[in-house]
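Q: How should I read the main features of a chain like this one? Please show me the structure and take me through it.

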Amino acid sequence: MPGKPPSEHTTVGSSFSVDRQTIREVVGAAGAALAGYGAWLAYPPAGFMVAGGILVGLAVLGTLRGGN
């Protein structure tokens, strides 16, 4: 419906629903894995450096946002 705001949950099938935050997290994890793998293809230690950098960045963002 044109006037209806988008739902926060997407229903798949009859009883399975996924919220937008879960989709964002899955896509982000896949992107991080692909970035680490791509760096590993160029230079194997770089894959670990990229993956570690992403994890450190996520930890810093979580701390700044006040995550528990």
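The turns below take the features one by one.

A: This is a predicted model, in which local features need pLDDT of at least 70 and side-chain atom pairs count only at pLDDT 80 or more, while totals for chains, interfaces and linings use all residues. Residues are numbered from 1 along each chain as its sequence is written, and side-chain values use heavy atoms, with hydrogens and water left out.

Q: Which pattern does the chain follow along the sequence?

A: Helices (H or I, at least four residues) and strands (E, at least two) are DSSP runs, numbered from the N terminus. Here there are two helices and two strands, in the order β-β-α-α.

Q: What should the 21 residues of helix 2 span?

A: The expected span is 1.5 Å times one less than the number of residues. For helix 2 (residues 44-64) that gives 30 Å, and the end C-alpha atoms lie 31 Å apart, which agrees.

Q: At what angle do the axes of helix 1 and helix 2 cross?

A: Axes are lines fitted to C-alpha atoms, for helices over the stretch in contact, and angles run from 0 to 180 degrees between N-to-C directions. Helix 1 (residues 20-42) and helix 2 have axes that come within 5 Å and cross at roughly 155°. Helix 1 is therefore roughly antiparallel to helix 2 (under 35 degrees is roughly parallel, over 145 roughly antiparallel, 65 to 115 roughly perpendicular, the rest oblique).

Q: Is alanine 32 buried or exposed?

A: Buried means under 20% relative accessible area, exposed over 50%, and partly exposed in between (1.4 Å probe, protein chains only). Alanine 32, in helix 1, is partly exposed at 24%. Buried residues make up 7% of the 68 residues in the chain.
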